[in-house]
Amino acid sequence: MSETTTNSMNKRKNFILVNQGFVCENCGEANPPVKGTCRNHCRKCLYSKHVDDKIPGDRKSTCKSLMIPIELDKNGKKGYIIIHRCLKCGKTIKNKVAEDDDFNIIIKLAAYKHI
Ligand SMILES: [Zn+2]
Ligand SMILES: [Zn+2]
């Protein structure tokens, strides 16, 4: 048996870019991959999923529960940030707003905090 191990798995980064499409478990929207950033929440209802553990994009979490958008934050350099909270374990994760996110929902989210 010959072993074909690649070194690519050994690279450690603080941020792992995962860019793949997914079907939302909350509303059923089929989300295509986005250019320039990673798709980590639904563009229609903004729900996310608890898949990352310590590093964004590591997909190491065993929780796998839905995360609801609870707040909108404004970051000077990055633009708007959605704060998601996990329905099961309560962990909060910050995610950048994607270009094709439903703006009406973002406005609703902003209204909670009066940005
Ligand atoms: Zn959705
Ligand atoms: Zn969780």
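Where is Ile 83 found? Hi everyone, let's start right there. Ile 83 is in strand S5, and I'll come back to this residue in a moment. Please keep in mind that we are looking at a predicted model.

First, the overall layout. The protein chain contains six strands and one helix. If you read along the sequence, the pattern goes β-β-β-β-β-β-α, so to speak, with the helix written at the end. The chain has 115 residues, and 16% of them count as buried. Now think about contacts between residues at least 6 apart in sequence: 35% of these join residues at least 24 apart.

Back to strand S5, which covers residues 79–86. S5 pairs with strand S6, residues 92–96, in the antiparallel sense, and the pairing runs over five bridges. If you'd like a pair to look for on your screen, find His 84, which stands opposite Ile 93 in S6. S5 and S6 form a hairpin with five residues between the strands. Within that hairpin, Gly 90 takes a positive phi, near 85 degrees.

And what does Ile 83 touch? Setting aside neighbours within four places in sequence, Ile 83 is in contact with Ile 70, Glu 71, Asp 73, Thr 92 and Lys 94. Is Ile 83 buried or exposed? Somewhere in the middle: Ile 83 counts as partly exposed, because it has 17 C-beta neighbours inside 10 Å, while a buried residue needs 20 or more. Here is one distance to try for yourselves: Val 97 is 14 residues from Ile 83 along the chain, and their C-alpha atoms are separated by 9.8 Å.

Now for two residues with a positive phi that are not glycines. Leu 46 has a phi near 70 degrees. You'll find Leu 46 in the loop between strand S2, residues 30–31, and strand S3, residues 48–49. Arg 59 also isn't a glycine, and its positive phi is about 55 degrees. Arg 59 lies in the loop between S3 and strand S4, which spans 66–75.

Which of these loop residues is buried, and which is exposed? Leu 46 is buried, because 25 other C-beta atoms lie within 10 Å. Arg 59 is exposed, because it has 12 other C-beta atoms within 10 Å, and 12 or fewer is the cut-off for that label.

That's my tour. Do go and find Ile 83 in strand S5 on your own screens, and thanks for listening!

Notes
Residues are numbered from 1 along each chain as its sequence is written. Chains are lettered from A and ligands numbered from 1 in the order in which they are written. This is a predicted model: local features need pLDDT of at least 70, side-chain atom pairs count only at pLDDT 80 or more; totals for chains, interfaces and linings use all residues. Helices (H or I, at least four residues) and strands (E, at least two) are DSSP runs, numbered from the N terminus. Two residues are in contact if their C-beta atoms, placed from the backbone, lie within 7 Å. Two strands pair if DSSP finds at least two bridges between them.
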